[in-house]
Number of protein chains: 2
Amino acid sequence: MQITGKNYIGNTPSALGTATFNALNPATQEALPGQFYLLTEDEAAAITKKAAAAFKIYNQKSAEEKAVFLDAIADEIMALGDELLRRAAAESGLPLARLTGERGRTIGQLKMFAALLREGAWVDARIDTAIPDRQPLPKPDLRSMLIPLGAVMVFGASNFPFAYSAAGGDTASALAAGCPVILKAHPLHPGTDELVAQAIISAAKKTNMPDGVFSLVFTDEAMAIRLVKDDAVKAIGFTGSRKGGMAIFNAAVNREEPIPVYAEMSAVNPVILMPGAVAANASGIAQGYATSVTMGVGQFCTNPGLVFMVDDDNTKLFLRSLADSVEKIAPATMLSKSICTAYGAGVEKLKTIATLSAESALPADDNKTEAVPHIFTVAQKDFMLNKNLSHEVFGPASLIVLCKTVDEICEALKDLEGQLTATIHANAADEKYLSPVIALMKAKAGRILFGGFPTGVEVCDAMVHGGPFPATTDARSTSVGSAAILRFVRPVAYQNFPQHLLPDALKDNNPLNILRIVNGQKSKAAV
Amino acid sequence: MQITGKNYIGNTPSALGTATFNALNPATQEALPGQFYLLTEDEAAAITKKAAAAFKIYNQKSAEEKAVFLDAIADEIMALGDELLRRAAAESGLPLARLTGERGRTIGQLKMFAALLREGAWVDARIDTAIPDRQPLPKPDLRSMLIPLGAVMVFGASNFPFAYSAAGGDTASALAAGCPVILKAHPLHPGTDELVAQAIISAAKKTNMPDGVFSLVFTDEAMAIRLVKDDAVKAIGFTGSRKGGMAIFNAAVNREEPIPVYAEMSAVNPVILMPGAVAANASGIAQGYATSVTMGVGQFCTNPGLVFMVDDDNTKLFLRSLADSVEKIAPATMLSKSICTAYGAGVEKLKTIATLSAESALPADDNKTEAVPHIFTVAQKDFMLNKNLSHEVFGPASLIVLCKTVDEICEALKDLEGQLTATIHANAADEKYLSPVIALMKAKAGRILFGGFPTGVEVCDAMVHGGPFPATTDARSTSVGSAAILRFVRPVAYQNFPQHLLPDALKDNNPLNILRIVNGQKSKAAV
C-alpha cells in the first residue's frame with residue numbers, strides 16, 4: 001500500500017482541493033512523507049450522498065455477511081505488516097511494542113464484533129404473539145428488534161492511532177451495527193489512517209460491500225462540522241478534547257434533525273487511597289500509581305490525574321516511595337509538539353498552586369518533544385477553593401489531594417464532574433468507611449475499580465468506557481466492549497406482519513437460533 | 001381525597017404563590033372546582049433539592065421494594081374510585097368508558113414494571129471473570145449492570161389524563177428504573193393529576209419510600225424550563241406538541257450538563273393502501289380507517305393523518321364507502337377550546353389546498369367545543385409541492401394522497417419526516433411492489449403495521465412507541481412497553497470488586513436468580 005494523501009469517497013480516492021498538510025514526526029518535528037489534501041465542499045457532498053446510498057444496501061446485509069467483512073478488515077490490516085507499525089510510530093512517537101499491542105487490540109475488537117454478529121442475540125428480538133379473542137380488544141402480534149441508525153461519522157483519536165482511529169472501536173461497532181462510516185482522520189496520524197482505510201476498502205471490495213460503506217476524510221474543523229450537520233449523518237463517535245467534543249455536540253443537537261453524539265472527552269479519574277490500604281502497602285501502591293500515571297506518557301483518557309488520601313503517619317512513606325519510583329521514569333516523546341507544550345503549561349500552572357512532590361530525575365530532551373513526569377500535592381481545603389485543580393492536565397502529571405478525614409475525601413468527590421473511572425484502594429480496616437465513598441464513585445463514574453489503576457481498558461462484554469458528563473456526552477453508552485454496538489441502533493416494531501416479510505430474527509422458526517423474549521420468557525424455541 | 005390545588009414538594013403540599021388557574025370543562029367552558037397554585041422559585045428549589053436527596057435513598061431500594069411501591073400506586077389509584085374518573089371526564093371531555101379503559105391500562109403499566117423488576121434480568125448484568133495468568137497482562141474481573149440516572153422530570157400529556165400523566169408510562173418506567181419523578185401537571189387536567197399524585201404519595205408513605213421520590217408541580221412554561229435546567233434533573237419525559245417538545249429539548253441539551261430528553265411530539269402516521277388490498281376490500285378498509293381517524297376525537301399521537309393510495313378504478317368505491325362511514329360519526333368534544341380552535345383552523349387550511357371528500361353529516365354543537373370529522377383528498381403532485389400538507393392536524397382529520405403509481409407513493413414517503421408508525425395494507429397481488437415500500441416504512445417509523453390501523457398502542461415487551469425525529473427527540477427509545485425503562489438508566493462497571501461490595505445482580509451466587517451474560521454465555525448459573 002502507498003500513502004497518497006487523498007480522501008476516499010467510498011472506494012474512490014479524491015484530491016480536488018489545493019490545501020494540504022503534512023504529518024510531523026513528533027520526536028524530530030520533521031515532515032513525514034505524504035501531502036494530505038483537505039476535503040472540499042464538492043467532495044463532502046459526494047461522500048455523504050454515497051454513504052446514504054450505501055446504507056440502503058448495507059443495512060440489508062445479513063449478520064454473517066457483516067461478520068465476514070469485519071474479519072476481512074482484520075486480515076487486511078495484518079497484511080499491511082510492519083509498514084503500518086513503522087508509519088504509526090513515526091507519526092505518534094509511540095514505541096513499536098505499544099503499537100504492536102494496540103494493533104492486536106484493534107484486530108481483537110473487529111473479531112469480537114464479528115463474533116457478536118454471528119451469535120446474534122444482541123438485536124434484542126422481542127415477540128409478543130397475538131391473542132385474537134382477547135376482550136375487550138384483540139391483542140395484535142408485535143415483534144421488535146434493533147436496526148441501524150444510518151451513516152455514522154467517526155473522529156479518530158490522537159492517542160490511539162489504531163484502537164480508536166480508522167478501524168478502531170467506533171468504526172468496528174458502527175459497521176457491526178449496520179451503519180456506513182465516514183472517518184475523519186486525525187491530523188497527527190493521517191498516514192496511519194490512510195493505510196488502515198485502504199485495508200478497510202480492500203476488505204469491503206473483497207466481501208462485496210457497497211461502495212460508500214467506508215469513507216476517509218482529511219478536514220479542518222469547519223469542514224468537520226459541516227459533515228456533522230449533514231442530513232445523511234445520523235450519529236457521531238468521537239474521542240478527544242472537551243473543546244472539540246462540545247463543538248461537535250453543539251452542532252449535532254442544534255441541527256434541524258438532532259442526532260446522537262458519543263463524545264468521550266475528558267476525565268481525571270480519581271483514585272481514593274483509604275488509610276488502611278496505605279498503611280498496609282504504601283510503597284506497592286506508590287509504585288503502581290507511578291507506573292499508571294506515566295504509562296503511554298500519561299496520554300490515556302483513563303490516566304489517574306487525581307488522588308485523594310488521608311494525610312496520616314503513612315503519607316510520608318507513601319510520598320517517598322512515589323518519589324523514588326517517579327524519579328526513575330524516563331521522560332518520553334508526546335504525540336505532538338502542541339500537546340507537549342500544553343502539558344508544560346499545565347505543569348507550570350500546578351506549580352503555582354500545589355507542591356511538587358515527585359518528578360523524574362532524568363532530563364527531557366527538548367528536541368524530542370519529551371514530557372517529564374510530575375506529581376503534586378495539595379491540601380483538601382485549597383483543592384476545594386480552586387476548581388481548576390480538578391481539570392485534566394493531559395500527560396504524565398497527577399495531583400494528590402491530602403485530606404484530614406474520609407469525610408473530606410467525600411466532600412471533594414461530591415464536587416467532581418463526571419468521570420470515566422473512579423478507583424478505591426481499601427482493606428479490612430477501611431470497611432466501615434466504604435459505603436458513602438463507593439456510592440459517590442458510582443454516582444460519578446462509568447467504571448469503578450477496587451484496587452489497581454484505571455489505565456488498561458479491557459475489551460469485553462462487561463466493560464463500560466463511558467460515564468456522566470463531561471467524561472462523555474452520553475452516559476447511557478460505552479465506547480469500548482461489545483455493548484458499544486448499542487450506540488448506533490434503534491428499535492423497530494413489526495405489527496401483524498406475515499412471516500415471509502419479517503426479518504429472520506423475528507420469524508416464528510427462529511432461523512438464526514438466537515435467544516429472544518417470547519411472550520415474556522427468554523427462549524430460543526420456535527414460536 | 002380532596003383537590004387542594006397545591007404543589008407537592010415531595011410529601012408536603014405547598015402553595016406559596018399568588019398566581020392561580022382553574023381547570024375548565026371543555027364541553028361547557030365552565031370553571032371546575034379547585035384553584036391551582038403556580039409554582040414559585042422557592043418551591044422549585046425545594047423540590048429539586050428534595051428529589052436529589054430522595055435519589056440517594058431510592059436508588060438503594062431493592063427491586064422487590066420498588067415493585068411493592070409500584071403495586072401500591074396501582075392500588076391507591078383504584079381506591080380513588082369513581083371520583084377520579086368523574087374528575088378526569090369533566091376536565092378532558094373524554095367519555096367515562098374510555099377513561100375507565102385508560103385507567104386499566106395505567107394500572108396495567110404499573111404492574112408490568114413491577115413484574116419486570118421482580119423478574120430482574122432487565123438490568124443487563126454482564127460478568128467477565130478474571131484470568132490472572134493471561135499473557136502479556138492479567139485480565140481483571142469486570143461486571144456491569146444498568147443503574148438509574150437520577151431525578152426525572154415528566155410532563156403530563158393532554159390526551160392521556162391517566163396513561164401518560166401523573167402515574168403514566170413515563171412516571172412508572174422512571175420509578176421502576178430507580179429515579180425520583182417531578183411531575184408537571186397538565187393544565188388541562190390539573191385536578192386529575194393532583195388526585196393521582198395524592199395516590200402516589202400515599203403509596204410512597206405506605207411502602208417507606210423517601211420523601212421526594214415523587215413531586216407534583218403546576219407551572220407556566222418559564223418555570224417548567226427552569227426545572228428542566230436544574231442540575232438535579234437528569235432526564236426528561238414528555239408527550240405533547242412539537243413546539244413544546246423542542247423548547248424543552250433545546251433547553252436540556254444546551255445546559256452546562258446536557259441531559260437526555262425523550263419527547264414524543266408529532267406524527268401523521270402514514271397509511272399505505274396498496275391496489276390489490278383496495279380491490280379486495282375497499283369498503284372494509286374504508287370503515288376501519290374512518291373509525292381509526294375519529295377514535296378519541298382524533299386526539300391520539302398515532303392518529304392516521306395521511307393515506308397514500310393508487311388512484312385506480314377502485315378509488316371511487318373506497319371514497320364512497322369512506323364518506324358513508326364518516327358521515328355517521330358524530331362530532332365530539334375535544335380536550336379544550338384552544339385545541340378545537342386549532343383543529344378548525346387546520347381544517348380550513350386544508351380546504352384551500354385539498355378537496356373535501358368526506359365529513360360528518362351531523363352538526364357540531366359549538367357550545368360543546370365539538371370537532372367535526374373531515375377527510376380530504378389531494379393529487380400526489382400537489383402534495384409534493386406543499387410541505388404543509390404533511391404536517392399533523394391534531395384532531396379527526398385526515399388527508400388521502402392519490403398517486404398514479406406505487407413509485408409515486410415511494411417518492412412521497414421518502415420526503416416524509418420521522419413517524420411513530422407507518423401502516424401498509426397489501427395482499428398477494430401487491431407482493432411484487434412491497435419491498436421498497438416496507439424498506440421506506442422501516443426507515444421512517446418506530447412501528448410498522450401490516451394491515452389494521454395504528455391507533456391502539458399495546459403495552460408489551462415488543463412495543464415500540466417512538467421513532468425518528470420529529471416523532472421523538474430520541475429514536476433509540478420507546479415510551480410505551482417494558483423497554484421504556486431503558487430510557488432512565490446508564491451502565492456502570494465494577495472492576496475487581498470483592499463479593500460483599502457488589503450489588504446482588506453481580507454477585508457470584510446470583511441471589512436474584514436472573515439471566516446474565518457470564519464470560520460470553522447467557523446463564524442463570526452461579527459463577
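**Exercise 1.** Determine how many residues each chain gives to the contact and which element of chain A gives the most.

*Solution.* The contact draws 51 residues from chain A and 51 residues from chain B, where two residues are in contact if their C-beta atoms, placed from the backbone, lie within 7 Å. On the side of chain A that touches chain B, the elements giving two or more residues are β5 (126-128), β6 (142-148), α14 (434-444), β20 (445-450) and β21 (489-495). Helices (H or I, at least four residues) and strands (E, at least two) are DSSP runs, numbered from the N terminus. With six residues, β21(A) gives the most to this side. By class, the residues of this side of chain A comprise 29 nonpolar, 10 polar and 12 charged; Ala, Val, Leu, Ile, Met, Phe, Trp, Tyr, Cys and Pro count as nonpolar, Asp, Glu, Lys and Arg as charged, and the others, Gly among them, as polar.

The model is predicted: local features need pLDDT of at least 70 and side-chain atom pairs count only at pLDDT 80 or more, while totals for chains, interfaces and linings use all residues. Residues are numbered from 1 along each chain as its sequence is written, and chains are lettered from A and ligands numbered from 1 in the order in which they are written.

**Exercise 2.** Establish how chain A is related to chain B.

*Solution.* A turn of 180 degrees and a shift of 0.0 Å along the axis lay chain A on chain B with an RMSD of 0.0 Å, superposed by least squares on the C-alpha atoms of residues with pLDDT of at least 70 in both. The two copies are therefore related as by a two-fold rotation axis. Among the residues of chain A, A:V253 comes closest to the rotation axis, at 3.5 Å (C-alpha). Because 100% of the interface residues of chain A are also interface residues in chain B, the copies meet through the same surface.

**Exercise 3.** Trace the open sheet of 12 strands and identify the strands at its edges.

*Solution.* The strand order is β23(A)-β22(A)-β5(A)-β6(A)-β21(A)-β20(B)-β19(B)-β12(B)-β13(B)-β18(B)-β17(B)-β15(B), with mixed pairing; two strands pair if DSSP finds at least two bridges between them. At the edges stand β23 (521-523) of chain A and β15 (355-359) of chain B, each with a single partner strand, so one side of each is left without a neighbour in the sheet. β21(A) and β20(B) run parallel and are joined by three bridges; A:A493 has B:R447 as its bridge partner in β20(B). Within chain B, six bridges join the parallel strands β17 (residues 374-379) and β18 (residues 397-403), and B:F376 is partnered by B:L399 in β18(B).
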